[in-house]
Number of protein chains: 10
Amino acid sequence: MSIPEITQALLAAKKEKGLTFADLEKILGRDEVWIASVFYRQASASEEEAKLLVEALGLDTIYVRELSEYPVKGLGPIVPTDPLIYRFYEIMQVYGMPIKEVIHEKFGDGIMSAIDFTLNIEKEEDSKGDRVKVIMSGKFLPYKKW
Amino acid sequence: MSIPEITQALLAAKKEKGLTFADLEKILGRDEVWIASVFYRQASASEEEAKLLVEALGLDTIYVRELSEYPVKGLGPIVPTDPLIYRFYEIMQVYGMPIKEVIHEKFGDGIMSAIDFTLNIEKEEDSKGDRVKVIMSGKFLPYKKW
Amino acid sequence: MSIPEITQALLAAKKEKGLTFADLEKILGRDEVWIASVFYRQASASEEEAKLLVEALGLDTIYVRELSEYPVKGLGPIVPTDPLIYRFYEIMQVYGMPIKEVIHEKFGDGIMSAIDFTLNIEKEEDSKGDRVKVIMSGKFLPYKKW
Amino acid sequence: MSIPEITQALLAAKKEKGLTFADLEKILGRDEVWIASVFYRQASASEEEAKLLVEALGLDTIYVRELSEYPVKGLGPIVPTDPLIYRFYEIMQVYGMPIKEVIHEKFGDGIMSAIDFTLNIEKEEDSKGDRVKVIMSGKFLPYKKW
Amino acid sequence: MSIPEITQALLAAKKEKGLTFADLEKILGRDEVWIASVFYRQASASEEEAKLLVEALGLDTIYVRELSEYPVKGLGPIVPTDPLIYRFYEIMQVYGMPIKEVIHEKFGDGIMSAIDFTLNIEKEEDSKGDRVKVIMSGKFLPYKKW
Amino acid sequence: MSIPEITQALLAAKKEKGLTFADLEKILGRDEVWIASVFYRQASASEEEAKLLVEALGLDTIYVRELSEYPVKGLGPIVPTDPLIYRFYEIMQVYGMPIKEVIHEKFGDGIMSAIDFTLNIEKEEDSKGDRVKVIMSGKFLPYKKW
Amino acid sequence: MSIPEITQALLAAKKEKGLTFADLEKILGRDEVWIASVFYRQASASEEEAKLLVEALGLDTIYVRELSEYPVKGLGPIVPTDPLIYRFYEIMQVYGMPIKEVIHEKFGDGIMSAIDFTLNIEKEEDSKGDRVKVIMSGKFLPYKKW
Amino acid sequence: MSIPEITQALLAAKKEKGLTFADLEKILGRDEVWIASVFYRQASASEEEAKLLVEALGLDTIYVRELSEYPVKGLGPIVPTDPLIYRFYEIMQVYGMPIKEVIHEKFGDGIMSAIDFTLNIEKEEDSKGDRVKVIMSGKFLPYKKW
Amino acid sequence: MSIPEITQALLAAKKEKGLTFADLEKILGRDEVWIASVFYRQASASEEEAKLLVEALGLDTIYVRELSEYPVKGLGPIVPTDPLIYRFYEIMQVYGMPIKEVIHEKFGDGIMSAIDFTLNIEKEEDSKGDRVKVIMSGKFLPYKKW
Amino acid sequence: MSIPEITQALLAAKKEKGLTFADLEKILGRDEVWIASVFYRQASASEEEAKLLVEALGLDTIYVRELSEYPVKGLGPIVPTDPLIYRFYEIMQVYGMPIKEVIHEKFGDGIMSAIDFTLNIEKEEDSKGDRVKVIMSGKFLPYKKW
């Protein structure tokens, strides 16, 4: 997977400035995961957000326009090969149908929205080894009949 | 995707008995998602857990052995076509790399385990439409150097 | 592509009774396309709807339960080979990105829901050859920021 | 998916000029979706249309020739990863066979043309959330026997 | 590739009766290739044609209904492995773009219909080895602008 | 699908000179489809043919060598996305097995050669819409036993 | 890969009779590899050859008809997983283009026929380990120009 | 398939010098097919062999190092589209299992090595058309038990 | 992945008898992994070994013949979905090229045989969590030049 | 597979200096396979390790930063074509399920970690031909229940 040039530029500037995504979260008033999605052109910032970001990173304002355009989303590949990302794919291979059963039981026939959706990552300290906590929250969308 | 016969038998018995996965959670002392995974032969129960489950569902004890065997996991297909499951695949297509960036920043080079791992589903009531909350927690595993 | 047994049974009964989907539309008070989706187990009927349908088709009531369960959706294959269905795939190959541009221009960054969604088919009589009119209507879902 | 250079140039010029596809619809006397298809080199303009378009966008006339050539069509990938475009793919996965049944019932054995074909997008205002309306109209082509 | 049961029954009956497709051509008043397509459920016969065929083959009339239904078409696989069929795939790999150029030059932007379409096979006797002649004729469909 | 540079150069020169493939047919004494195949480097010209072609197009003689080399053939992709080329793929999906039956009946076990092979395209004028006629002729090659 | 029933029956009978393919070579007057191809329904025997084979194996004469029909060829899968067969696939991955160069140099633009083709297998005794010798011989087919 | 730059350089130099692979065979004392494999970086030459080759082709000695490095092998694609190379793929599709049967019968459970392996190409003159003879010889490797 | 019937029968008998693969190792004098490979029909036993195994498991002697036949090997799928097996696939995705570098440095141009090959699994007790040790040993096969 | 530029630079410098991975093992105090993984950007070095490596290779210190960043891992392709790497893929195709059985028997339901993992390569001298020994050691991770 080749990383887009704009993403490389943003990541390099962030490193140069010694900023973390958590720092940017405070500056923009947006979650760190969402900001990382803007870095990868998977989410579009408002012009104001784009300006704040570009300024914080000390980059040229020419990036503002691109960051506020609506991107073609989806980073591929079909089956991810990076072990960190693959684990999420595996989770769906193993727990996908069980999740479907439980959601249907709790909500009826429909889906969890991936658009009206938020995702947070937290660090759970644990003496047996810290844990990654991923919290997804998506609006339930019932199938419309017509 | 064809659903395995044992899964069909368990689901039919559960319906017959009017039980929810939440009811089974109380009986087995295990989370409802994990129990649904046992239904789909993606997790193996202990003999005791299998007995409790088979009893609760009013099924023949011949199922006990099979439910406690270690299954071949993974339900396919490569790209899921069911809309509910696809949304999780889409989340990884769109937010996979941003998640990777944030986890690396918080934890260093490594992954979230999908084995030392739990997954819970909650219903968030919301006046603008209820929300599905999915909480994943996996041990962080740093890459070993040698 | 093999057609599920329940679908075959419903289609055979419909033929036997000399009913069209338009006739069933009047009986159920639901659109003919949605009813055809119930035939293919891509939509779940309420118990009442399932009863009405089974009765109209003169079938055994044992079908009622299955028709009201929440199905695993998606009929495959990845690239359709049936010429009628392929044309819709081709439309997306050719006009997908242009549609994306126009929707973004009219609505902003987001998608057309395929869940809060209806689809109608009409016959447009035309002296140069009748035309198939397909009308899709899906709720616009803007990307949530967080 | 990499966007062709000519498309990028046209989109940039359109943004620069502050034009919408709806504005171009008035200038060219062609539908906005069709014009967006010309941008993506999925439809070929007549020389006159190409001139009007290039002029409106304030671009060099060297683009006129390319825009009137007959393009190799189809933008890929096999399964779209962009969520907006994927939803149309999902619609065919879920409703493809039901649509086939209803078209056959209304028209007989044949297909909806994707060549003698038009596609319009409208915004339906709705207090519960605006809706995207997509209207396709294709000539019915009955299978020829010989 | 597994051959459908109805096809096997028709082919066996044809062999039993000692009939060729050319013989059936005379009986039905339809081309032999089209009749072979009916055998493989890739074309639907009228009830009258189905009756003639079933009678000629000495089969039960229960086949009449199935042969006049509108089939799901396309026999797969994606890349054919049978050498005879693969050669046609190879012809498109090698000569596809050249054919596109020549058709565009003769007709403009559009396609050859595969629906309003006929295909004949003739044997050309030749002292250096007989030749297979395949003649396709499809209506030219110009791309509609809108 | 990206078009090779040499093909682009040849097509541009042909347009510049206002030549059709039919014109080139007269100059080279070879069929227009075959010449288009040379343009796409799917057929190799003799040095003499290459010279005639390069001259007719007013191009530099450096192209002569490349046009007479034996090319790596096959233009991909696996399933064509261009609608004109896809129709030929669809024809094989739908009529492939019927064609196989008829060829076997007329010739025995073997194939139609795609090497000792010619392909012509004609325009059939027709008041209900002109038709594209494609005539393929390949030597029948019987399977050798040994 | 599932082995066809007829193949299993033939192999079982051959084992029962204690016959080798080399023995059958003497009985039929055909090469052992070709006979093995008949076993797998990749080659069609004449009625006489089929009778000889069925007799030698002590099988019912009902097999004679099937063995003399023209089969659908190609055993899949796309990339073979059996190590013995994979090695031949690897040979083409590694030496395919070099072979192409040498054949073109010796013969010009064309191919080695896989139809007018024979294949023999010999055992070369060698003190450092016996060797498998595979000899293929196919008619060279030059590309026809037209 | 794009041909590596070094391969292009070697082929161009060979053409310039008017050398055949057979000529190089005499100079290097290696088989022409093996030498063609060195051209395509599918085999590694010793430094001495590389020097002889580079000298014979009149190329700069900077190529010597690269030609003697151990290459990443395999030229793809998964299913070859070039007709000459495809025929070898087809041979394995059609005759793969029969070959496996015969090798097992002659040698037991094991494979033909593709590493301790040679491949020669000869021209068999034949009045009915010259034939391409391909002779492969690979050490038989029996499966080790442990 | 469906497990072959014979494998299921062997595993069930082994469970019934309360035997481990380590027990069978003592009975057959073969490694436990190799014996497990015989269970899955990926390795062929000698008749004597097959008899010992069938006897130890208390099964009918009809299994002896099948277990000593040379199997079609390779269990698929292309990308394994079972997490335990996938990890080995991931190891090759991540460490494949580094392994290649180190083997080439130590041995020259060639491969590790997967035929003249053994594989052992050991349990390493470790206070921080036991470890799985996998030891592979394959003969180095240098590429033959010819 | 194209090798990343940084990898090429490191390999070239290593060759220039006449260093082996075993030499680098002594300098860095890390295993040679792990160091080769750093070369291919499949493992991240600490800043100190990166400095030692860059110094040993006589390269510019600008490489230090990149070598200590956390890489996107996985080198593809899905099915490897290089024979050395393919053998490991084949080992998993053939012995994957047997390995799973033996690990489950020794450890219970869980996996061998590919993260808390080491891999060593040794040369076993053997008069019948040297052997490649690959030793993997991964922590056993039992499936967590919740």
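Contact here means heavy atoms within 4.5 Å.

**View 1. The interface of chain C and chain D in the predicted model.** Under that cut-off, 72 residues of chain C are in contact with 72 residues of chain D. The two chains bury about 6,800 Å² between them, and carbon and sulfur atoms account for 68% of this area. On the side of chain C, the residues that lose the most area to chain D are Leu84(C), Arg131(C) and Val132(C), which together make up 10% of what that side buries.

**View 2. Salt bridges and polar contacts between chain C and chain D.** Eight salt bridges are found by the rule across this interface, one of them in the list of charged pairs being that of Asp116(C) and Arg131(D), whose side chains meet at 3.0 Å, N to O. The rule also finds 32 residue pairs in polar contact across the interface of chain C and chain D, with both residues at pLDDT 80 or more.

**View 3. Elements of chain C that touch chain D.** Two or more residues each are given to this side by helices H1 (5–17), H2 (21–28), H3 (32–39) and H6 (83–107) of chain C, as well as by its strands E1 (110–124) and E2 (131–142). H6(C) supplies the largest share, 24 residues, and by class the side of chain C that touches chain D comprises 40 nonpolar, 13 polar and 19 charged residues.

**View 4. Strand pairing between chain C and chain D.** E2(C) pairs with strand E2 of chain D (residues 131–142) in the antiparallel sense, over nine bridges. Within this view, Gly138(C) has Val132(D), in E2(D), as its bridge partner.

Key: Residues are numbered from 1 along each chain as its sequence is written. Chains are lettered from A and ligands numbered from 1 in the order in which they are written. This is a predicted model: local features need pLDDT of at least 70, side-chain atom pairs count only at pLDDT 80 or more; totals for chains, interfaces and linings use all residues. Side-chain values use heavy atoms; hydrogens and water are left out. Buried area is the accessible area (1.4 Å probe) that two parts lose on being put together, summed over both. A salt bridge is a side-chain nitrogen of Lys or Arg within 4 Å of a carboxyl oxygen of Asp or Glu. A polar contact is a pair of N or O atoms within 3.5 Å; within protein, one must be able to donate a hydrogen and the other to accept it, and residues adjacent in sequence count only if both atoms are side-chain atoms. Helices (H or I, at least four residues) and strands (E, at least two) are DSSP runs, numbered from the N terminus. Ala, Val, Leu, Ile, Met, Phe, Trp, Tyr, Cys and Pro count as nonpolar, Asp, Glu, Lys and Arg as charged, and the others, Gly among them, as polar. Two strands pair if DSSP finds at least two bridges between them.
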